[in-house]
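Visitor: I should like to examine one part of this model closely rather than survey it all. Please choose a starting point and build the picture outward from there.

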Amino acid sequence: FDRNFKLYLAALIVFTLGNSSDAFLLVRAGELGVAPIMLPLLWCVCHVAKSTGNLLLGRVVDLLGARPALLAGWLVFAVVYGAFAWATNVEEIWIAFIGYGLACGLIEPAEKALVVQVVGTERKGLAFGWYNFAIGIAVLPSSLICGALYQRYGPMAAFGFGAVAALAAMAMLAGVVVRPLSARA
């Protein structure tokens, strides 16, 4: 694969290093007063937002292209992680969970569409293998990093790291060149 795809994979790894286990979001909600019995409902609302986002925002990916949509999704993610860091009450956490669901609803289709837009259709099977590998190798350390930051320095450091990682991934993604459809093989 060419430099563009390698840079895209590197950006994915950086983003994923900041996107820790969603369990930390639930821990934060509990810390701010969401009753344990309400956590499943909060999680359900998040996934309704995510599913709705997949349906509605997937069209945005088709209209704008995968890279602009992914940049927007990662920016929303950074803002939402900032909201988790700075939240002070239950209402803010509910809004942050809805925002998180919508961000994921935009990010997931854009990430996958960009794989094909960068490498083309001829090698997309192998490209998706590398895409999943890149995310897979960053998932475990992301939660270890978040957990260590959360335990030692608190939620502001843990979620702040995630927001900064998303912004760094955006900067890297800006360097990825997406070829026109006619140039993709």
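Guide: Let us begin with a charged pair: Arg 28 forms a salt bridge with Glu 31, and the closest N and O atoms of the two side chains are 3.6 Å apart. The model is a predicted one. The two residues lie 3 residues apart in helix α2, which covers residues 23-31, so about one helical turn separates Arg 28 from Glu 31. Their surroundings differ in accessibility: Arg 28 has a relative accessible area of 7% and is therefore buried, whereas Glu 31 reaches 45% and counts as partly exposed.

The buried partner leads on to the packing of its helix. The axes of α2 and α5 come within 10 Å and cross at roughly 165 degrees. Since an angle over 145 degrees counts as roughly antiparallel, that crossing makes α2 roughly antiparallel to α5. In handedness, the passage of α2 across α5 is left-handed. On the α2 side the residues involved are Leu 25, Leu 26, Arg 28 and Ala 29, and they meet Ile 93, Phe 97 and Tyr 100 in α5. Sorted by class, this contact has 6 nonpolar residues, 1 charged residue and no polar ones. Arg counts as charged, and Arg 28 is among the residues of α2 that meet α5. The residue that forms the salt bridge with Glu 31 thus also has a place in the helix contact.

Within that contact, Phe 97 deserves separate attention. Phe 97 lies in helix α5, and at 0% relative accessibility Phe 97 counts as buried. What does Phe 97 touch, once its neighbours within four places in sequence are left aside? The residues in contact with Phe 97 are Leu 25, Leu 26, Ala 29, Leu 42, Trp 43, Cys 46 and Phe 84. Of these, Leu 25, Leu 26 and Ala 29 belong to the α2 side of the contact with α5. Leu 42, Trp 43 and Cys 46 fall within residues 39-64, the span of helix α3. Phe 84 belongs to α4. Phe 97 is also placed 9.7 Å from Tyr 81, C-alpha to C-alpha, with their positions 16 residues apart in sequence.

Helix α5 is also joined to α3 by a charged pair. A search of the whole structure finds 2 salt bridges, and one of them is formed by Lys 50 and Glu 108, whose closest N and O atoms are 3.0 Å apart. Lys 50 lies in helix α3 (residues 39-64) and Glu 108 in helix α5 (residues 90-119), so this pair ties together parts that are 58 residues apart in sequence. Glu 108, at 26% relative accessibility, counts as partly exposed.

Phe 84 and Tyr 81 point onward to another helix pair. The axes of helix α4 (residues 66-86) and helix α7 (residues 155-173) come within 8 Å, crossing at roughly 165 degrees. The two helices are therefore roughly antiparallel to each other, and their crossing is left-handed. Among the α4 residues that take part are Leu 70, Trp 74, Phe 77, Tyr 81 and Phe 84; those in α7 include Met 156, Phe 159, Ala 163, Leu 167 and Met 170. By class, the contact of α4 with α7 has 19 nonpolar, 3 polar and 1 charged residues. Gly counts as polar, and Gly 82 in α4 and Gly 160 and Gly 162 in α7 are among the residues of this contact. Arg counts as charged, and Arg 67 in α4 is also among them. Phe 84 therefore takes part in the contact of α4 with α7 and also touches the buried Phe 97, which has 0% relative accessibility.

A last reference point is helix α6, which spans residues 124-153 and holds Gln 151. Gln 151 counts as exposed because its relative accessibility is 73%. Its C-alpha atom is separated by 29 Å from that of Glu 108, 43 residues away along the chain; Glu 108 is the partner of Lys 50 in the salt bridge described above. Leu 126 also has its place in helix α6, and a relative accessible area of 48% makes Leu 126 partly exposed. Pro 141, likewise in helix α6, counts as partly exposed at 29% relative accessibility.

Conventions. Residues are numbered from 1 along each chain as its sequence is written. This is a predicted model: local features need pLDDT of at least 70, side-chain atom pairs count only at pLDDT 80 or more; totals for chains, interfaces and linings use all residues. Side-chain values use heavy atoms; hydrogens and water are left out. Helices (H or I, at least four residues) and strands (E, at least two) are DSSP runs, numbered from the N terminus. Buried means under 20% relative accessible area, exposed over 50%, partly exposed in between (1.4 Å probe, protein chains only). A salt bridge is a side-chain nitrogen of Lys or Arg within 4 Å of a carboxyl oxygen of Asp or Glu. Axes are lines fitted to C-alpha atoms, for helices over the stretch in contact, and angles run from 0 to 180 degrees between N-to-C directions. Angles under 35 degrees count as roughly parallel, over 145 as roughly antiparallel, 65 to 115 as roughly perpendicular and the rest as oblique. A crossing is left-handed if the near helix is turned anticlockwise from the far one by less than a right angle, and right-handed if clockwise. Contact means heavy atoms within 4.5 Å.
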